[in-house]
Amino acid sequence: MKVTLIVPPSTISKYSNMSPAVPPIGLAYVARSLLDAGHDVQLIDAVGEAPDRFVPIDDGLLYRGLGIDEVIKKIKPSGAIGVGVMFSQEWMVARKLLNVIHTVFPDTVIFVGGEHPTALPEAVLEGTPGVKYVLTGEGDRNSCELMEHLEGKRSIDEVSGVYYRDGQNIKKGTGGKIRIKEVNTIGWPAWHLVPLENYMSGGHSYGVNRGRSIPMMASRGCPYQCTFCSNPAMWTTRWVARDPEDVLKEIKHYIKIFQVENFDFHDLTVIVKKSWIIQFCKLLIQENLQITWQLPTGTRSEAIDEEVAYHLWKAGCRNLGYAPESGTEEILKKIKKIINKDRMIKSVQGCVKVGLNVKANFIVGFPGDRPRMYWETAVFLCRLAFVGLNDISVTAFSAYPGSALFIQFQKEGRLPKNLDDDYYRSLHHTDITKAISWTEHISSEDLSRIRNRLLLTFYIVSWTFRPQRFLKIIYHFIIGKEESRIDKVLAQMKNRLKKVKEYEGLSDSK
């Protein structure tokens with residue numbers, strides 16, 4: 001069967017502090033599975049086709065990549081069209097794209113998958129009449145099962161994790177959502193269908209720009225149950241790692257085929273077992289590939305001691321992120337974030353000692369938070385700054401679809417069943433000009449001030465003890481070099497605002 005897979009244009013806040021364009025590893029995995037099953041696959045990556053194009057939607061939001069009409073023109077005649085929606089803040093544009101696809105191709109089967117449809121499968125079907133199927137969870141296997149159903153080889157209830165439209169009714173398949181345990185058998189992403197060169201030559205990646213980069217996944221899932229995270233809905237809490245030898249083989253392949261210099265690991269939590277990460281590092285050290293790699297999404301501190309940090313550095317790892325989310329014990333218990341702050345301080349200290357560039361992610365404004373709670377977080381930030389943590393991010397909490405808090409809010413009536421565009425706009429929580437508060441004890445304006453004060457506190461302490469870092473940031477901004485997260489933030493904002501200004505200038509001249 002001929003199948004077209006589509007990555008929609010992305011949506012970002014004009015003043016977001018992070019807006020990376022990242023090759024679509026999830027849909028590239030799905031494409032590989034469909035190819036291996038004998039299907040003819042086209043993949044349209046609207047972001048990758050035009051990663052430096054930013055078009056204003058309104059005063060605050062931009063879309064990035066090809067316009068919807070341009071995407072439609074690229075679609076070849078297909079038996080099925082699938083759209084991947086990873087992040088819920090993309091849904092406004094993705095929904096519009098899906099409706100246009102149905103108008104232009106009314107007789108073609110349309111299906112969607114990804115984290116957003118997994119979190120809200122019935123709402124997606126209700127809001128997009130042209131969509132026939134929603135695939136929840138990992139798409140590698142059930143996308144192939146759906147194609148077999150469309151070919152008459154499998155009943156709908158034998159398609160795992162499917163929701164579907166049956167006349168005017170929306171039904172859930174009885175097959176159930178299945179996690180893939182045999183991760184070493186999954187084919188590598190079909191990168192040849194993606195405009196990788198646009199990403200690589202433009203310096204686009206999730207991590208710091210250290211050369212030609214490509215996403216990697218060494219594991220799937222996360223064993224933790226943070227209440228603000230949608231991971232349990234998408235992946236369950238099963239963590240499964242690939243064999244280190246298989247990951248190394250894939251790395252060497254990309255070096256040879258695409259001349260890759262840097263690898264960004266997109267795992268939810270890649271370092272869970274100390275034995276696994278040390279074995280992987282020893283393999284890289286033995287091969288001496290002269291590459292760098294990063295763990296930008298955030299990982300756990302429990303398995304990273306000075307021994308692990310040494311192996312990470314020697315194997316080529318240069319940047320990694322921690323995700324403590326808060327330094328306040330009351331908040332940590334409430335969000336089920338299991339960390340030991342003293343152990344994390346020691347872990348960060350070991351990483352800094354060997355030369356790793358380390359950042360930490362924090363969130364403010366959880367339901368029930370009070371201003372007094374953030375004194376404890378401020379103290380923790382000062383301790384991290386003192387031992388040498390390089391960067392932090394502080395974002396405002398948002399009730400993300402699929403998370404335990406989102407489900408709780410809908411049960412309590414704080415969120416309606418039918419979400420409107422204002423809600424989806426609120427998910428753009430990296431906007432540095434504003435914050436939306438979900439706690440009755442802190443206004444949105446005060447939450448924005450708390451976020452900014454925490455950021456200021458950290459960097460004042462950090463640069464007081466290490467003034468050379470501030471000078472280095474200015475130097476990197478001038479010459480366009482990235483080594484740390486703040487380097488990347490400044491470079492991205494400069495480029496994005498420049499591109500928006502150029503677009504507005506062109507629009508005014510027409």
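## Close-up views of selected side-chain contacts

**View 1. D36 and R32 stand about one helical turn apart, because four residues separate them in helix α1 (residues 25-36).** The model is predicted, and local features in it need pLDDT of at least 70, side-chain atom pairs count only at pLDDT 80 or more, and totals for chains, interfaces and linings use all residues. Residues are numbered from 1 along each chain as its sequence is written, and side-chain values use heavy atoms, with hydrogens and water left out. Helices (H or I, at least four residues) and strands (E, at least two) are DSSP runs numbered from the N terminus. The side chains of D36 and R32 form a salt bridge with an N to O distance of 3.6 Å; the term denotes a side-chain nitrogen of Lys or Arg within 4 Å of a carboxyl oxygen of Asp or Glu. D36 is exposed at 53% relative accessible area, whereas R32 is partly exposed at 22%. Here buried means under 20% relative accessible area, exposed over 50%, and partly exposed in between (1.4 Å probe, protein chains only). By the salt-bridge rule, the count for the model is 26.

**View 2. A salt bridge joins K274 to D305.** The closest N and O atoms of K274 and D305 are 2.8 Å apart. This pair links distant parts of the chain, 31 residues apart: K274 belongs to helix α11 (residues 274-287), and D305 to the loop between β15 (292-299) and α12 (306-314). K274 is partly exposed, with 31% relative accessibility, and D305 is partly exposed with a relative accessible area of 31%.

**View 3. E483 and K472 are paired in a salt bridge.** Their closest N and O atoms lie 3.2 Å apart. Eleven residues of sequence, given as 11, separate the partners, with E483 in the loop between α19 and α20 (485-509) and K472 in helix α19. E483 counts as buried at 19% relative accessibility, while K472 is partly exposed at 42%.

**View 4. A nonpolar surface patch draws on helix α19 (residues 467-479).** The patch consists of F470, L471, I474, Y475, F477, I478, I479 and L490, which together have about 770 Å² of accessible area. Helix α19 gives the most to this patch, with seven residues. I474 is in helix α19 and is partly exposed, at 37% relative accessibility. Patches are made of residues with over 30% relative accessible area and no salt bridge, with like charges joined within 9 Å and nonpolar side chains (Val, Leu, Ile, Met, Phe, Trp, Tyr) within 5 Å. Accessible areas come from the Shrake-Rupley method with a 1.4 Å probe, and for residues only the protein chains shown count as cover.

**View 5. Y254 and F258 form a tilted aromatic pair.** Their ring centres are 6.0 Å apart, with 40 degrees between the planes. Rings of Phe, Tyr and Trp (its six-membered ring) pair if their centres lie within 6.5 Å; planes under 30 degrees apart count as stacked, over 60 as edge-to-face and the rest as tilted. About one helical turn separates Y254 from F258, because they are four residues apart in helix α10 (residues 244-258). Y254 is buried, with 2% relative accessible area.

The rings of F406 and Y423 also make a tilted pair, because their planes stand at 50 degrees, with the centres 6.2 Å apart. That contact spans distant parts of the chain, with F406 in helix α16 (residues 404-412) and Y423 in helix α17 (residues 421-426), 17 residues apart. F406 and Y423 are both buried. By the same pairing rule, the model has 18 aromatic pairs.

**View 6. F228, F366, F397, F409 and W438 make up one aromatic cluster.**

**View 7. R220 lies over the face of Y29.** R220 is 4.8 Å from the ring centre of Y29. A charge sits over a ring if NZ of Lys or CZ of Arg is within 6 Å of the ring centre and within 35 degrees of the ring normal. R220 is also linked with E138 and D140 in a network of salt bridges. K341 is placed over the face of F380, at 5.8 Å from the ring centre.

**View 8. The cysteines C226 and C229 remain unbonded to each other, because their sulfur atoms are too far apart at 6.2 Å.** A disulfide is a pair of cysteine sulfur atoms within 2.5 Å, and the count by this rule is zero. For C226, which is in no disulfide, the nearest cysteine sulfur is that of C229. C226 is buried, at 10% relative accessible area, whereas C229 is partly exposed, at 28%.
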